[in-house]
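This report considers how a protein model holds two ligands and how its aromatic rings are arranged. The reader is invited to keep the structure in view while following the text.

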Amino acid sequence: MKMMMMISNNNNALLLIKLLTLHSLLVLAASQDFDFFYFVQQWPGSYCDTKQSCCYPSTGKPASDFGIHGLWPNRNDGSYPSNCDSTNPFDVSKISDLTSHMQSEWPTLSCPSNNGLAFWGHEWDKHGTCSESVLNQHDYFATTLSLKNQIDLLQALKSAGVQPNGQKYTLSSIKSAIQGASGFTPWIECNNDTSGNSQLYQIYLCVDSSASRFIQCPVFPKGSCGSSIEFPKF
Ligand code: AMP
Ligand code: AMP
């Protein structure tokens, strides 16, 4: 009898050790695996003015302003984690207080015309789940919206004479307009319009790993814009 109790105690101890190991592995898996965020905004005119074209959201044509693309955890070596937690999928009921603000600041442009849930869901599932250690689902979207409020990219460009009027501008004039207004060096991503002209597509700024302040980018994305960049109307 005593022998059997000892065996069972040993088994319990073994089970406990196994559970603790599993727990620490899970904690490790959920812990932060990135160094900073890219905060990426997009010029809708350049999303639409391509061979692929675009569709306006069911709520109507977005404002003539930069829209949010996403807040992307990234590592200092240039790599990034993605799709980190399939057990926590996008749930629009968690951001019901934010959706009207999201419709104006984070508009979907993909076809067919839709209400934005697919775009926001893609951003949460691919990128947001990789910063769960810092931002829960509600705060991921709320924080991203508040970052957009802090630096007005379109105003910064317009004040420097860089206007969305279909004219061409140099990369350095675009960069210094944003650098001057924000204090931070942006990365500029270009795409091509239907005639193959390079145009201002997305602007990247960097945010620290707690998503609380803008920082100088530890590393820039790759790609090139050419020296003459169109800023299409929208
Ligand atoms: P990501 O996977 O976060 O790098 O984002 C790229 C995906 O987002 C691609 O599938 C794009 O087509 C999509 N995308 C980018 N901008 C928009 C937008 N404004 N509306 C809908 N989808 C978008
Ligand atoms: P390059 O002409 O590629 O040698 O780049 C000259 C400088 O401009 C370097 O400091 C690059 O990091 C910067 N640069 C090049 N392309 C971009 C871009 N698309 N956005 C922001 N900076 C860039």
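A polar contact is a pair of N or O atoms within 3.5 Å. The model discussed here is predicted. In this model, a polar side-chain atom of Glu-123 lies 2.7 Å from an oxygen atom of ligand 1, so the pair falls within the limit for a polar contact.

**Overall architecture**

The protein contains 7 helices and 7 strands. Along the sequence, these elements follow the pattern α-β-α-β-α-α-α-α-β-α-β-β-β-β. Of the 234 residues in the protein, 44% are buried.

**The surroundings of ligand 1**

There are 13 residues around ligand 1, and those that come nearest are Gln-42, His-122, Glu-123, Lys-126 and His-127. In addition to the contact of Glu-123, ligand 1 has an oxygen atom 2.8 Å from a polar side-chain atom of Lys-126. The backbone also takes part: an N or O atom of the Leu-109 backbone lies 2.8 Å from a nitrogen atom of ligand 1. On its own, ligand 1 has 490 Å² of accessible area, of which the protein covers 74%.

Which elements supply at least two residues each to the shell around ligand 1? They are strand E2 (67–74) and helix H4 (117–126). Helix H4 gives the most, with 4 residues. Sorted by class, the shell around ligand 1 has 5 nonpolar, 6 polar and 2 charged residues.

**The surroundings of ligand 2**

Ligand 2 is surrounded by Leu-171, Lys-175, Pro-186, Trp-187, Ile-188 and Cys-225. The side chain of Lys-175 places an N or O atom 2.8 Å from a nitrogen atom of ligand 2. A nitrogen atom of ligand 2 also lies 2.7 Å from a backbone N or O atom of Ile-188. The protein covers 45% of the 480 Å² of accessible area that ligand 2 has on its own.

Helix H7 (171–182) and strand E4 (187–192) each contribute at least two residues to the shell around ligand 2. This shell has 5 nonpolar, no polar and 1 charged residues.

**Aromatic rings**

A pair of aromatic rings is described by the distance of the centres and the angle of the planes. Counting rings whose centres lie within 6.5 Å, the model has 16 aromatic pairs. Two of these pairs are set out below.

| Pair | Distance of centres | Angle of planes |
|---|---|---|
| Tyr-38 and Tyr-204 | 5.5 Å | 85 degrees |
| Tyr-140 and Phe-141 | 5.2 Å | 85 degrees |

Planes over 60 degrees apart count as edge-to-face. The planes of Tyr-38 and Tyr-204 are at 85 degrees, so this pair is edge-to-face. Tyr-38 lies in strand E1 (residues 36–42) and Tyr-204 in strand E5 (residues 198–208), so their pairing ties together parts that are 166 residues apart in sequence. Both Tyr-38 and Tyr-204 are buried.

The pair of Tyr-140 and Phe-141 is likewise edge-to-face, because its planes are at 85 degrees. Are these two residues buried or exposed? A residue counts as buried when its relative accessible area is under 20%. Tyr-140 has 0% relative accessibility and therefore counts as buried; Phe-141, at 0% relative accessibility, counts as buried too. Tyr-140 and Phe-141 belong to one aromatic cluster that also includes Phe-90, Trp-106 and Trp-124.

A ring may also lie beneath a charge. The charged end of Lys-61 sits over the ring of Phe-234, at 4.5 Å from the centre of that ring.

How values were computed. Residues are numbered from 1 along each chain as its sequence is written. Chains are lettered from A and ligands numbered from 1 in the order in which they are written. This is a predicted model: local features need pLDDT of at least 70, side-chain atom pairs count only at pLDDT 80 or more; totals for chains, interfaces and linings use all residues. Side-chain values use heavy atoms; hydrogens and water are left out. A residue is near a molecule or strand if one of its heavy atoms lies within 4 Å of it. A polar contact is a pair of N or O atoms within 3.5 Å; within protein, one must be able to donate a hydrogen and the other to accept it, and residues adjacent in sequence count only if both atoms are side-chain atoms. Accessible areas come from the Shrake-Rupley method with a 1.4 Å probe; for residues, only the protein chains shown count as cover. Ala, Val, Leu, Ile, Met, Phe, Trp, Tyr, Cys and Pro count as nonpolar, Asp, Glu, Lys and Arg as charged, and the others, Gly among them, as polar. Rings of Phe, Tyr and Trp (its six-membered ring) pair if their centres lie within 6.5 Å; planes under 30 degrees apart count as stacked, over 60 as edge-to-face and the rest as tilted. Buried means under 20% relative accessible area, exposed over 50%, partly exposed in between (1.4 Å probe, protein chains only). A charge sits over a ring if NZ of Lys or CZ of Arg is within 6 Å of the ring centre and within 35 degrees of the ring normal.
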